[in-house]
Amino acid sequence: MKLANIRNFAIIAHIDHGKSTLADRIMEQTATVSKRQLSEQLLDSMEVEQAHGVTVKSRSVRNFYQADNGQEYEYNLIDTPGHVDFAYEVSKSLAASDGAILLVDATQGVQAQTVANLRLALKHNLTIIPVINKIDNAAADVAATEAQIRALRPEFADVTILKISAKTGENVHQVLEAIYQKIPAPQGKPDAPLKALIFDSQYDSYQGIIADVRLIDGTLKSQQKLQLMQGGSIFNAQAVGIFTPDMKPVKELNAGEVGYIVTGIKDIASVQVGDTLTTAENPTKNAIPHFKPAQSMVYAGFYPKGDTSYEALKQAISKLALNDSAFHYTPEQSEALDAGFRCGFLGIFHLQIIQERLRDEYHVEVLTTAPNATYHVYLKQPQPKQEYLTITNPAKFPDFSEIDYVTESYVKAVITTPNEYLGAVMKLCDQHFGEMVDLDNQQDLVTLTYKLPVSEIAYDFFNSLKSITHGFATLDTEFLDYELVDVVKIQIQINYAAVDALDIIVPRQKADLIAHKLVKKLKYTVPRRLYPMPVQAMVENKSIARVDVPPLRKNAAVNGEKRSISKKQQLLRRQSLNKRQAVKSDIKLPQSVFDAILNINEPD
Ligand SMILES: Nc1nc2c(ncn2[C@@H]2O[C@H](COP(=O)(O)OP(=O)(O)OP(=O)(O)O)[C@@H](O)[C@H]2O)c(=O)[nH]1
């Protein structure tokens, strides 16, 4: 296809505004897939996506469109996720696009993620086509939505805003026509040396790493000798192809096109998203500027569970990380749980999706520790060449006697809520040490901007926000900086033995409350023994809360047991022996113990 007839575009929107449904209609109306083939939301094929009804991974698909002007166009469409935790996926897709369809649900109007994704698209200099969706819905307020869209950008003031129903297909044809009329063709040079952006990748046990590429210049063929400019690997392309949306091999990919390449490389670390692909013989001079790596907001430990071995978990995690470049991991060792990994995520929903993908796609069982934020700990006697320690695992938090002060990562949280919930939202933010930065009132909606510590929103903040606003509020977060905080570590001892995997860092002000809640929860989740076991929460070497996990059987010393005196004495001897032995904890902690910590930070 000649460059002038290629269009690469993404569909961006707030969550549930209909991106995947529009992608389905586009594939149907361009006959990329037949109506019969088209199960609903064809591109959301992952199990987790179907279970949650959301897009998690971006996906690209090539369509051929017979336009009303008599010409044929190649439309490379990239469907993107809408949830805040997957903004990094969106930004990778946008780097491979020249334009974006900005879809807004007429029943909800412009929402937080509409604005955030539009901002991202403008950062990539994309041409935007605003489209109003769900006009068939009785609750649609098309005029109000149109006014909101026009108010977003000065250049939207007099553009045509299309009004469609992705569900019924009404006016989707107008979108197909607007794509070639409005979005520019790619700018590449077909005769220049090969320059291609790797914007995604996945691992196949037979074919090795398969990378999604967007060609800027040149041609990419199978059996070509290729080179990765950052990673340095040199390899022969095993095959090249396109997504239709299934993988379909083609002879070559040309400047401006989007497709995949089978690298044959099995070493997972050698292919990085954002790298530039070129030929080994005649390489391009300048690499494409690298993406900014995604910044992890929350961390949690992953440990093998059940029949899963450490090696199996390691394999699964490294393959998954290849497919999700916002997911980071490093090996770690816990006294209580042995060898595992400290993993970084963009948010709690991201963590949940990764857990489920490990289970569904890699069939490994994972024990997940309670999530935490990142801390910078400044010591009284700093280590040489190290101003502060970066702590992503509470077990590594230094002893309080060595600490001078601690700073914690903060985010800017933009919350959009209907007016009636304003009071409840402000109260929630106050309870989480939020500091209001801005309040903007537009008709029935209020947009609140808060500065919040990551640890306060890492747990259940988003769910609490959804619940107090009956699902109407939206949350958009952006990393700000590190700020001074007064925090302490709560250490848990079960039967007098410290369990490092249960360590948590909390604000000093809340330590007492959280410690009491925590031991109470542990009372019913720690597996029982034949004897009672104390569970204690320690802060700065002092026990501040304690409960006893009840024994499995009655205590032999309890009155009313119909046994002989000698039998009782024998039982008592055994019980006290058990107590003395339990110096190092040998208790196998089930997932429910860690889940008990998950929402500990929430007000009752
Ligand atoms: N009435 C009506 N419903 C629609 C229309 N378009 C999408 N929907 C429905 O809206 C819901 C969300 O649509 P999706 O296409 O999954 O939305 P999405 O933007 O891809 O969502 P994420 O991938 O989670 O960000 C689904 O139940 C669709 O059936 C439309 O034009 N009219």
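## A tour by domains, one strand and one core

Begin by colouring this predicted model by its assigned domains, which are domain 1 (3-182), domain 2 (195-279), domain 3 (298-368), domain 4 (375-485) and domain 5 (489-598). With domains 1 and 4 displayed together, look at where they meet: 5 residues from domain 1 and 6 residues from domain 4 make up the contact. On the side of domain 1 that touches domain 4, 3 of the residues are nonpolar and 2 are polar, while no charged residue is found there.

Next, select strand S16, residues 276-279, and inspect its two faces in turn. Thr276 and Thr278 lie on one side, Leu277 and Thr279 lie on the other, and all four are buried, so that both faces of the strand are covered.

Keep S16 selected and add its pairing partners. Strand S7 (residues 195-204) runs antiparallel to S16 and is joined to it by 2 bridges; within this pair, leucine 197 is placed opposite threonine 276. Strand S10 (residues 225-228) is likewise paired with S16 in the antiparallel sense, here over 3 bridges, and leucine 226 has threonine 279 of S16 as its bridge partner.

Finally, turn to the largest nonpolar core, a set of 162 residues in which Ala100, Leu102, Val213, Val298 and Ile490 have the most contacts inside the core. Centre the view on valine 298 and, passing over its neighbours within four places in sequence, show the residues in contact with it: Phe345, Gly347, Ile348, Leu351, Pro371, Asn372, Ala373, Val454 and Ala458.

Definitions and conventions
Residues are numbered from 1 along each chain as its sequence is written. This is a predicted model: local features need pLDDT of at least 70, side-chain atom pairs count only at pLDDT 80 or more; totals for chains, interfaces and linings use all residues. A residue is buried if 20 or more other C-beta atoms lie within 10 Å of its own, exposed if 12 or fewer, and partly exposed in between; C-beta atoms are placed from the backbone. Two strands pair if DSSP finds at least two bridges between them. A nonpolar core is a set of buried Ala, Val, Leu, Ile, Met, Phe, Trp, Tyr and Cys residues joined through C-beta atoms within 7 Å. Two residues are in contact if their C-beta atoms, placed from the backbone, lie within 7 Å. Domain bounds come from an automatic or database domain assignment. Ala, Val, Leu, Ile, Met, Phe, Trp, Tyr, Cys and Pro count as nonpolar, Asp, Glu, Lys and Arg as charged, and the others, Gly among them, as polar.
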